[in-house]
Amino acid sequence: MANLTELTLAQAAQGLAAGDFTSAELTDAHIAAVEGARDLNAFVTETPDIARERAAASDTRRSKGEVAGPMDGIPIAVKDLFCTDGVLTSAGSHILDGFKPPYESTVSQNLRDAGAVMLGKANLDEFAMGSANITSYHGNVINPWKAADGKDRVPGGSSGGSAVAVAARLCLGATGTDTGGSIRQPGSFCGIVGLKPTYGRCSRWGIVAYASSLDQAGPMTRTVQDAAIMLEAMAGHDAKDSTSAPIGVPNFAAALSGDIRGLKIGVPREYRVDGMAADIEALWQNGIEMLKDAGAEPVDVSLPHTKYALATYYIIAPAEASSNLARYDGVRYGLRVDGDSLDEMYENTRGAGFGTEVRRRILIGTYVLSAGYYDAYYLKAQKVRALIAEDFRKAFQTVDAILAPATPSAAFPIGENSDDPVAMYLNDVFTVPLNLAGLPGISVPSGFSGEGLPLGLQIIGKPFDEETVLRIGDVLESSAGFDAKPSYLKGDA
Amino acid sequence: MPWIIEGETGDWELVCGLEVHGQVISNAKLFSGAATAFGAEPNSQVSLVDSAMPGMLPVINERCIEQAVRTGLGLKAQINLRSVFERKNYFYADLPQGYQISQFQHPIVGEGSVLLDMPDGSTAEVGIERLHMEQDAGKSMHDQDPKRSFIDLNRTGVCLMEIVSKPDIHDPEEAGAYLRKLRSIMRYLGTCDGNMDEGSMRCDVNVSVRKVGEQGLRTRTECKNLNSVRFVMQAIEYEVTRQIDVYESGGEVVQETRLFDSTRGETRSMRAKEFAHDYRYFPDPDLLPVELTQEYVDKIAADLPELPDAKKERFIGDFGLPAYDAGVLVASRRTAEYFETVATGRDAKTAANWVTSNLFGMLKAKGLEIWDSPVSAENLGKLLDLIADGTISGRIAKDVFEIMGETGKSPDEIVEEKGLKQVSDEGAIQGVIDELIDGNPGQVAQFREGNEKVLGWFVGQVMRATQGKANPGLVNKLLRDKLSA
């Protein structure tokens with residue numbers, strides 16, 4: 001039998017369909033991989049019993065000819081931001097100690113309904129706030145890729161555990177959430193595909209909220225085709241989320257025609273930031289050439305308000321977070337640290353329960369919403385946000401998609417950037433504008449940094465046009481021929 | 001007549017505005033499917049959304065929007081086709097989300113007005129500033145345990161309408177009339193039951209005073225959560241006196257929230273815990289703006305019932321009732337309907353008298369509401385018919401009405417059973433009169449000598465002999481004819 005953890009999601013689905021192996025076998029192979037890679041700290045909670053149970057149920061369905069679809073029997077990881085019925089949901093925070101929701105998020109329920117097998121809950125930055133997965137109460141996640149210096153590197157964040165689980169072959173796909181780049185940036189850092197769908201494509205119901213107007217769930221996989229298959233299972237209108245779009249879910253995998261001839265690909269000049277690393281510059285240029293070779297037409301476009309995107313994001317996201325996180329007060333669930341008064345209990349609980357980065361963002365958010373500052377910060381940020389969305393709208397009048405780097409650098413060693421929050425925030429410079437505009441974007445591994453670390457290119461699409469994004473991503477993936485494996489796996493071999 | 005308070009330094013007047021919180025009548029809460037019934041077991045009507053579990057999202061209950069629009073239309077107010085729910089952020093144990101979802105900059109209803117019916121029959125107008133929708137908070141119970149507070153989240157998330165008046169109220173009586181009228185309108189509309197004792201209608205009172213003739217407003221104080229019309233009026237009167245005393249003794253009124261102590265009838269400063277709240281309002285990113293179409297609003301407007309003001313005008317115009325009586329009759333929709341059933345095709349003034357005096361008196365004595373009345377409107381109408389066609393006298397009718405109140409029977413049945421039919425047969429009455437005249441020559445002589453009072457004695461005798469059933473007009477006429485002969 002082939003090494004089951006080396007299969008892509010699509011290959012595994014074929015193998016299950018052909019009867020080459022059972023979901024139980026596939027799942028056991030991945031459970032073993034998860035257990036063998038605990039040094040990466042990709043999981044907060046492993047759920048092997050649930051996985052075996054669901055794999056067995058999948059095999060039973062299959063034996064009766066009742067297969068739910070290509071996800072049936074596929075072992076996946078679920079970011080620990082998705083509430084999962086009866087399973088600890090920590091959001092990477094101390095303050096949710098012991099919290100086992102009596103409900104299942106819509107996206108993870110959709111995956112369950114599609115037959116997916118949950119292996120465990122993936123580690124993440126606390127409340128999805130971070131770009132390096134170094135803010136989790138459950139510890140840092142280690143990138144399976146290493147450069148020649150041999151240093152442990154960050155996997156990116158906030159969906160770092162999900163990215164590592166996919167990259168290190170611990171699962172065939174993982175759910176992520178992307179508020180400012182939290183799917184695409186770790187995807188790029190770990191050499192995998194990360195897709196942030198259009199805001200409203202996947203329901204937010206049951207996902208622990210960070211910034212409600214920006215949060216969006218999406219798949220993280222090893223191939224673009226896998227991302228298409230998994231997104232189809234995750235997406236769909238949900239009456240329980242007022243911001244979920246009342247539109248149907250296309251057959252995303254069918255969009256991968258391999259043909260991008262005649263498509264106009266925008267190249268935004270404002271993304272060519274000062275001091276852009278030479279390897280990023282080269283990667284981007286190479287990407288433009290590859291798409292051109294495939295018959296697409298590169299077009300210079302302007303997104304003039306790009307330079308304000310990061311500042312805008314770091315006003316709006318913390319503002320919403322400061323309010324969203326008010327419910328963690330020690331009264332009803334999670335951690336409680338007693339005090340002599342109600343206020344003191346709040347202070348003690350929140351002081352002990354939230355980490356430094358979360359506290360920083362709550363403070364920023366509270367500040368920008370305060371009387372006397374609201375107009376100068378929050379209101380202005382909302383206006384700039386509208387201008388950024390308008391930039392994209394105009395660009396999409398002439399182009400079908402936009403190509404840009406996913407990150408300004410490759411994965412950096414753990415410890416770097418950690419004492420300078422602003423340097424850390426700069427990681428999001430290429431990803432944040434999409435969230436502000438609500439657009440879909442995919443990060444596809446497309447090359448290597450000077451140090452031999454994976455780098456991703458990002459394809460940005462029109463609202464609800466994930467199909468074009470996926471089709472171009474698929475072509476880019478084939479052209480780039482990225483088939484390197486993380487050094488962690490080579491070490492094992 | 002303006003309400004003037006004579007102070008030591010001159011005449012003062014009241015400037016007052018009310019903020020009324022009305023609980024919207026709806027089966028489910030504003031943003032969740034949990035039930036809203038009053039008096040349920042603590043924490044038995046709480047959804048995952050209400051208890052602010054992680055990842056839960058609010059979804060607007062369209063019924064609540066409809067009710068708010070209906071109320072706005074009843075207040076003759078501007079309906080804003082676009083309104084926005086915002087978050088009002090503050091920490092409290094009975095506020096699970098850490099914020100209340102409310103409307104702030106863009107309320108669903110704008111300016112309108114309420115016409116007050118004053119006891120002297122006059123009217124006064126109070127402007128409405130706005131009506132916005134918001135979630136109610138839960139209930140903290142501090143009296144269940146010596147050391148701990150308990151929280152009941154049943155009320156959490158129930159839809160409230162906050163109706164803010166302009167500072168047009170200048171008399172405590174007007175404040176009372178305003179609350180009663182607002183309640184009456186909302187009950188007509190079926191949007192709020194207005195039961196202040198159950199907390200489904202609560203009132204915050206903003207009070208300031210100024211010298212008569214003075215322009216502009218002085219510092220106001222606010223008394224929160226008053227739960228009866230009487231307390232509202234008491235709190236205003238107390239505040240007016242207190243504020244005038246402060247000014248006249250050389251002090252300044254402090255802008256603050258004050259607590260009304262209903263047992264002592266006074267307001268107290270809550271200054272002990274004074275800290276300025278900064279609620280950090282911002283649009284709730286979990287919800288889209290509420291966008292209504294004019295057609296939607298028009299459809300609700302077309303379905304509105306006739307409201308008290310229009311009904312009152314109609315009662316005055318069609319039935320010729322005095323303004324005061326009309327105002328009393330339309331205050332409750334059920335009373336108005338009852339009255340109309342009785343009055344239709346009959347003498348309206350008689351009907352109004354019977355409803356406002358006899359019926360109201362009986363209901364009050366029995367402690368019943370009009371919808372529980374043992375005397376149905378149809379039966380009261382039949383009773384009036386029996387008087388009108390001479391079947392019974394007005395005096396007998398009162399007795400019949402009393403029996404109707406006891407038994408719920410129809411007046412025909414009672415008149416039949418008890419043989420109360422008026423005797424209008426001349427021959428029968430003549431016989432009684434003849435006997436009386438023959439048997440009482442002394443009285444006859446007195447009458448003939450010019451003592452008119454004796455006639456009354458004769459009438460009394462005839463009525464006694466006929467157990468009150470003789471037609472009094474006929475008795476008078478026959479007696480006079482006979483005695484004068």
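Two strands pair if DSSP finds at least two bridges between them, and helices (H or I, at least four residues) and strands (E, at least two) are themselves DSSP runs, numbered from the N terminus. The structure treated in these exercises is a predicted model, in which local features need pLDDT of at least 70 and side-chain atom pairs count only at pLDDT 80 or more, while totals for chains, interfaces and linings use all residues. Residues are numbered from 1 along each chain as its sequence is written, and chains are lettered from A and ligands numbered from 1 in the order in which they are written.

**Exercise 1.** Work out which strands of chain B pair with β10(B), and in which sense they run.

Solution. Begin with strand β2 (residues 11-23) of chain B, which pairs with β10(B) in the antiparallel sense over 5 bridges; here Gly22(B) stands opposite Met161(B) in β10(B). Then turn to strand β7 (residues 123-135) of chain B, which also runs antiparallel to β10(B) and is joined to β10(B) by 7 bridges, with Ile128(B) opposite Ser165(B) in β10(B). Finally, consider the surroundings of strand β10 (residues 159-165) of chain B: 5 of its 7 residues are buried, so β10(B) is largely enclosed by the rest of the structure. A residue counts as buried if 20 or more other C-beta atoms lie within 10 Å of its own, as exposed if 12 or fewer do, and as partly exposed in between, the C-beta atoms being placed from the backbone.

**Exercise 2.** Determine how the overall form of chain A and that of chain B relate to the globule rule.

Solution. The radius of gyration is taken over C-alpha atoms, and the globule rule is 2.2 Å times the number of residues to the power 0.38. Chain A has 16 helices and 11 strands. Its radius of gyration is 21 Å, close to the 23 Å that the rule gives for 493 residues, so chain A is as compact as a globular protein of that length. The C-alpha atoms of chain A fill a box of roughly 65 × 50 × 50 Å along the principal axes, and 59% of the 493 residues are buried.

Chain B has 15 helices and 16 strands. Its radius of gyration is 30 Å, well over the 23 Å that the rule gives for 485 residues, so chain B is more spread out than a compact globule. The box for the C-alpha atoms of chain B is roughly 100 × 55 × 50 Å along the principal axes, and 40% of its 485 residues count as buried.

**Exercise 3.** Describe how chain B is divided into domains, and how far apart two positions in chain B can lie.

Solution. The domain assignment, whose bounds come from an automatic or database source, gives domain 1 (5-300), domain 2 (306-418) and domain 3 (426-484) in chain B. The centres of domain 2 and domain 3 of chain B, taken over C-alpha atoms, are separated by 34 Å. For a pair of single residues, take Glu256(B), which lies in strand β13 (residues 256-261) of chain B, and which counts as partly exposed with 14 C-beta neighbours inside 10 Å. The C-alpha atoms of Glu256(B) and Phe339(B) are 46 Å apart, with these positions 83 residues apart along the chain.

**Exercise 4.** Characterise the contact between the chains and the nonpolar cores.

Solution. Two residues are in contact if their C-beta atoms, placed from the backbone, lie within 7 Å. By this criterion, 24 residues of chain B are in contact with 33 residues of chain A. The side of chain B that touches chain A divides into 15 nonpolar, 5 polar and 4 charged residues, where Ala, Val, Leu, Ile, Met, Phe, Trp, Tyr, Cys and Pro count as nonpolar, Asp, Glu, Lys and Arg as charged, and the others, Gly among them, as polar.

A nonpolar core is a set of buried Ala, Val, Leu, Ile, Met, Phe, Trp, Tyr and Cys residues joined through C-beta atoms within 7 Å. The largest core holds 217 residues, and those touching the most other members include Ile76(A) and Tyr178(B). A second, separate core of 31 residues includes Ala336(B) and Val400(B).

**Exercise 5.** Place helix α7 and Glu270 of chain A in their surroundings.

Solution. In helix α7 (residues 224-234) of chain A, 11 of the 11 residues are buried, so α7(A) is largely enclosed by the rest of the structure. After α7(A) comes Gly236(A), whose phi is positive, near 135 degrees. Glu270(A), in the loop between β7 (264-268) and α8 (278-293) of chain A, counts as partly exposed with 16 C-beta neighbours inside 10 Å. Leaving aside neighbours within four places in sequence, Glu270(A) is in contact with residues including Ser302(A) and Lys307(A).
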